[in-house]
Amino acid sequence: MRTITGVAELRALVGTELGTSAWHEVTQARIDAFAAATDDFEDIHVDPAHGTEAGFGGTIAHGLYTLSLGPKFLYEIYTMRGNSLGLNYGFERVRFLAPMPAGARIRMVAHLTEAKPITGGTRFTLTQTFEIEGHAKPACVAEAVIAYFD
């Protein structure tokens, strides 16, 4: 894990890869827990027979479950010190490119792509690429926006 001390140090890293998270297993129990938390019980996520009939070979994770792993993975990649506050500012763009099968493993690569000044701090854009182990195409690519304040 990388430790970044202060917003200025993070700004200096624009254009670089911040790192790669550890692999995370996407179990059916985790998919079911996400379905329960969001009331999204679409059959392709919770019914293996329906997921197979739909051509996925079993259930697949919700796209938003994949995206929701972003903060977990960022905590593995880096920690910020010397700033007063960090806030999830949203997303510029999110694309779900490949289904995430239950039982697969996923990790995230984070690239720091932009820094823009805002009152009292800086708004950073990180390109988050969610890779599926053994698959050429990522499950998701998202441009996450995080605001850090001095």
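# Salt bridges and a buried serine

Colleague: Let's start with Glu131: buried, partly exposed or exposed?

Modeller: This is a predicted model, so the answer is computed from predicted atoms. Glu131 has a relative accessible area of 24%. Buried would need under 20% and exposed over 50%, so the label for Glu131 is partly exposed.

Colleague: Which side chain meets Glu131 in a salt bridge?

Modeller: Side chains of opposite charge can pair when their charged atoms come close. Here the N to O distance is 2.7 Å, and a salt bridge needs 4 Å or less. The partner of Glu131 is Arg107.

Colleague: And how many residues apart are Arg107 and Glu131?

Modeller: The salt bridge between Arg107 and Glu131 links distant parts of the chain. Arg107 sits in strand 6 (residues 105-118) and Glu131 in strand 7, so count along the sequence and you get a gap of 24 residues.

Colleague: What about Glu92, which residue does Glu92 form a salt bridge with?

Modeller: The closest N and O atoms of this pair are 3.2 Å apart, and the partner is Arg123. That pair also links distant parts of the chain, with Glu92 in strand 5 (residues 85-96) and its partner in strand 7 (residues 121-132). Glu92 is partly exposed at 47%, whereas its partner is buried at 17%. So the name you want is Arg123.

Colleague: Glu76 and Lys72 form a salt bridge too, so about how much of the helix separates them?

Modeller: Their closest N and O atoms are 2.7 Å apart. Glu76 is partly exposed at 28%, and Lys72 is partly exposed at 32%. Because the two are four residues apart in helix 6 (residues 70-77), the separation is about one helical turn.

Colleague: Where does Ser21 sit, and is Ser21 buried or exposed?

Modeller: Ser21 is in the loop between strand 2 (17-20) and strand 3 (24-25). Its contacts, leaving aside neighbours within four places in sequence, include Glu76 and Arg107. With a relative accessibility of 7%, under the 20% cut-off, Ser21 counts as buried.

Colleague: Which residue's backbone nitrogen lies 2.9 Å from a polar atom of the Ser21 side chain?

Modeller: Ser21 is in contact with Phe73, Glu76, Ile77, Arg107 and Met108. The backbone nitrogen at 2.9 Å from that side chain belongs to one of these, Met108.

Colleague: Zooming out, how many salt bridges are there in the whole structure?

Modeller: The chain has six helices and eight strands, with 12 positive and 17 negative charges. Searching the whole structure gives a salt bridge total of four.

Definitions and conventions
Residues are numbered from 1 along each chain as its sequence is written. This is a predicted model: local features need pLDDT of at least 70, side-chain atom pairs count only at pLDDT 80 or more; totals for chains, interfaces and linings use all residues. Side-chain values use heavy atoms; hydrogens and water are left out. Buried means under 20% relative accessible area, exposed over 50%, partly exposed in between (1.4 Å probe, protein chains only). A polar contact is a pair of N or O atoms within 3.5 Å; within protein, one must be able to donate a hydrogen and the other to accept it, and residues adjacent in sequence count only if both atoms are side-chain atoms. Contact means heavy atoms within 4.5 Å. Lys and Arg count as positive and Asp and Glu as negative; His and the chain ends are not counted. The place of a charge is taken as NZ of Lys, CZ of Arg, CG of Asp or CD of Glu.
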